[in-house]
Amino acid sequence: MQRIVQFARVIATRRSVREFSAEPVPFELIDQAIAIANTAPSGANKQPWRFVVVENVELKRRLRIAAEKEEWEFYHNRATPEWLADILPLGTSWQKPYMESAPYLIIVFRQDYELRLGPDGTPCQHSNYQVNESVGIAVGFLLAALHVAGLATLVHTPSPMGFLVKELGRPANERPFAIIPVGYPAENAQAPDLVKKSLEDVRLRL
């Protein structure tokens, strides 16, 4: 009980951050967090995920340009009035400067199936199971690990995300799941003062 209460206090302080410091982050922290995410449970233990860590400045710039192109179109032409009203308190827009300012972008891909060589040497597809559920759990592990390490994160899911496959040269069996900017928060970084649902609102004991 003491351990879980201590963890609850730490994880309750996590907030999505959109303003990052230029202070370097040891890559070992990123590697360790991904190693923790890799321990997540998955359908048939297939671990249907790939974590692509981007730190190259020029590549981050290209990804930002591509993401903002999709986000501008979404905000101006595809988003419903209800959705825009719901995100208004968050202060978000189609502009995504954190795609460049964060020291790292962790691009999470889901692997819809595995590619293996068959007995005759030709590629064969092998099914993965509960892919979205499995990758979602792994991302939860990843966010918790990065927060415990003292790093700030954000989950960004531009719509659509197909540009990530092309820009990062991913194979046909991988599809983008989320972009997670990672770094130390900027000195004056701000986050919305959100109120979470109470335990009574989300837990039913029978």
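Start by selecting glycine 150: just after helix H6, this residue takes a positive phi of about 90 degrees. Keep in mind as you click around that this is a predicted model.

**Stop 1: helix H6**

Step back from the glycine and select residues 131-148, which form helix H6. How far apart are the end C-alpha atoms of H6? They are 26 Å apart, which agrees with the 26 Å that 18 residues should span at 1.5 Å a residue.

Now colour the buried residues of H6, including Val131, Val135, Ala138, Val139, Leu142 and Leu146. Ser134 and His147 are buried in this helix too.

What do these buried residues pack against? Two helices are among the partners: H1 (2-11) and H2 (27-37). Show the strands as well, and you will find S1 (49-54), S2 (104-111), S5 (152-153) and S6 (174-183) packed against the buried residues of H6.

**Stop 2: helix H3**

Next, select residues 57-78 to bring up helix H3. Its 22 residues should span 32 Å at 1.5 Å a residue, and the end C-alpha atoms are 30 Å apart, which agrees.

Which residues of H3 are buried? Among them are Leu59, Leu63, Ala66, Ala67, Phe74 and Tyr75. Look also for Lys60, Glu68 and Glu71, which are buried in H3 as well.

To see what covers the buried residues of H3, show S1 and S2 together with the helices H4 (81-87), H5 (98-101) and H7 (163-168), which are included in that cover. You have already met S1 and S2, since both also pack against the buried residues of H6.

**Stop 3: proline 171**

Move to the loop between H7 and S6 and pick out proline 171. This proline is partly exposed, with a relative accessible area of 31%. Add leucine 115 to your selection: the two residues are 56 residues apart along the chain, and their C-alpha atoms are separated by 9.5 Å.

**Stop 4: the whole chain**

Zoom out and switch to a cartoon view. You can count 8 helices and 6 strands in the protein chain. Follow the sequence and the pattern reads α-α-β-α-α-α-β-β-β-α-β-α-β-α.

The C-alpha atoms fill a box of roughly 60 × 45 × 40 Å along the principal axes. With 206 residues, a compact globule would have a radius of gyration near 17 Å, and the protein chain has 19 Å, which agrees.

Finally, colour by charge. The chain has 23 positive and 23 negative side chains, and the centres of the two sets lie 4 Å apart.

Technical notes: Residues are numbered from 1 along each chain as its sequence is written. This is a predicted model: local features need pLDDT of at least 70, side-chain atom pairs count only at pLDDT 80 or more; totals for chains, interfaces and linings use all residues. Side-chain values use heavy atoms; hydrogens and water are left out. Helices (H or I, at least four residues) and strands (E, at least two) are DSSP runs, numbered from the N terminus. The radius of gyration is taken over C-alpha atoms; the globule rule is 2.2 Å times the number of residues to the power 0.38. Lys and Arg count as positive and Asp and Glu as negative; His and the chain ends are not counted. The place of a charge is taken as NZ of Lys, CZ of Arg, CG of Asp or CD of Glu. The expected span of a helix is 1.5 Å times one less than its number of residues. Buried means under 20% relative accessible area, exposed over 50%, partly exposed in between (1.4 Å probe, protein chains only). Contact means heavy atoms within 4.5 Å.
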